[in-house]
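This note is meant for a colleague who is meeting the structure for the first time. The points below go from one residue to its surroundings and then to the whole chain.

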Amino acid sequence: MALAELGEGKALEPAIQALGHESSHTRREAAAALGILGDPAAVPPLAAMLQNRKELSQTRDVAARALGRIGGPSVVPPLIAACRLRYPNVNHAAEAALLQVGQAAVPALSEFTRKGDSNTRHWAMAMIDRIKR
């Protein structure tokens, strides 16, 4: 049965459980469904998927986009961490998600304008500028 057929109230737990499925396709579909559901309860497992170095980058990309759809301050730290990874498509997805989160990302990004190396400070300032546009 497809998660959509369960309805919003009943789809959250099966979708979270499906993040651990052996099939990467199923994991990607579950992450996308969690983004659509938009429930903040999905943030911790999606953040874990995003940070899992053993996970395929395509799956991590979907997890980042799902976090962006959920939004709010709780998604910002894992998205910022993902922007620092060495996987271009994951970086791009995490940056796009931060832009989607918008103003809720600015306080955390502002912290990075005051600490870290010059590349990190420049990146954080550029992200804030893009959000404010």
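**Notes on the model**

1. Leucine 46 is a convenient place to begin, and, with residues up to four places away in sequence set aside, this leucine touches Leu19, Ala31, Leu34, Ala63, Ala66, Leu67 and Ile70. Please keep in mind throughout that the model is a predicted one.

2. Leu46 also belongs to the largest nonpolar core, a set of 39 residues, and is listed with Leu34, Leu50, Leu79, Leu98, Leu109 and Trp123 as having the most contacts inside that core. The elements that give two or more residues to this core are α2 (8-18), α3 (24-37), α4 (43-51), α5 (57-70), α6 (76-83), α7 (88-101), α8 (106-112) and α9 (118-132). The largest share comes from α7, which supplies 6 residues. As background, nonpolar side chains tend to be buried together in soluble globular proteins.

3. What does the protein chain as a whole consist of, in terms of helices and strands? The secondary structure comes to 9 helices and 0 strands, and the order from the N terminus on is accordingly written α-α-α-α-α-α-α-α-α. The radius of gyration of the protein chain is 15 Å, close to the 14 Å that the globule rule gives for 133 residues, so the chain is as compact as a globular protein of that length. Taken along the principal axes, the box that the C-alpha atoms fill is roughly 50 × 25 × 20 Å.

4. Some totals for the protein chain may help a new reader to place the details that follow. Buried residues account for 43% of the 133 residues, while the accessible surface comes to about 7,200 Å², with 52% of it belonging to carbon and sulfur atoms. If one takes the contacts between residues at least 6 apart in sequence, 58% of them join residues at least 24 apart. The chain carries 16 positive and 12 negative charges, and the mean positions of these two groups are 9 Å apart.

5. Helix α6 deserves a separate remark, as this helix is mostly covered, with 6 of its 8 residues buried. The buried residues in question are Val76, Pro78, Leu79, Ile80, Ala82 and Cys83, and what covers them includes α4, α5, α7, α8 and α9.

6. Is alanine 42 buried or exposed? This alanine is found in the loop between α3 and α4, and it counts as buried because its relative accessibility is 0%, where buried means under 20%. Apart from residues up to four places away in sequence, alanine 42 touches Leu12, Ile16, Leu34 and Ile70. Histidine 122, by contrast, is 80 residues from alanine 42 in sequence, and their C-alpha atoms are 31 Å apart in space.

7. Leucine 12, one of the residues that alanine 42 touches, lies in helix α2 and is buried, with a relative accessible area of 13%. When its neighbours within four places in sequence are left aside, leucine 12 is in contact with Leu34, Leu37, Asp39, Ala41 and Ala42. Leucine 12 and arginine 86 are 74 residues apart in sequence, and the distance between them, C-alpha to C-alpha, is 31 Å.

8. Proline 45 is found in helix α4, and at 24% relative accessibility this proline counts as partly exposed. Its contacts, not counting residues up to four places away in sequence, are with Ile16 and Leu19. Proline 45 and glycine 20 are 25 residues apart in sequence and, from C-alpha to C-alpha, 9.5 Å apart in space.

9. Finally, aspartate 129 lies in helix α9 and counts as partly exposed at 41% relative accessibility. Along the chain, aspartate 129 and valine 106 are 23 residues apart, and a distance of 9.5 Å separates their C-alpha atoms.

Definitions and conventions:
Residues numbered from 1 in each chain as written. Predicted model: local features only at pLDDT ≥ 70, side-chain atom pairs only at ≥ 80, totals over all residues. Heavy atoms only, no water. Helix = DSSP H or I, 4+ residues; strand = E, 2+ residues; numbered from the N terminus. Rg over C-alpha atoms; globule rule 2.2 N^0.38 Å. Buried < 20%, exposed > 50% of the residue type's maximum accessible area, 1.4 Å probe, protein only. Contact = heavy atoms within 4.5 Å. Areas by Shrake-Rupley, 256 points an atom, 1.4 Å probe, with all protein chains shown as cover. Lys, Arg positive; Asp, Glu negative; His and termini not counted. Charge placed at Lys NZ, Arg CZ, Asp CG, Glu CD. Core = buried A, V, L, I, M, F, W, Y, C linked by side-chain atoms within 4.5 Å.
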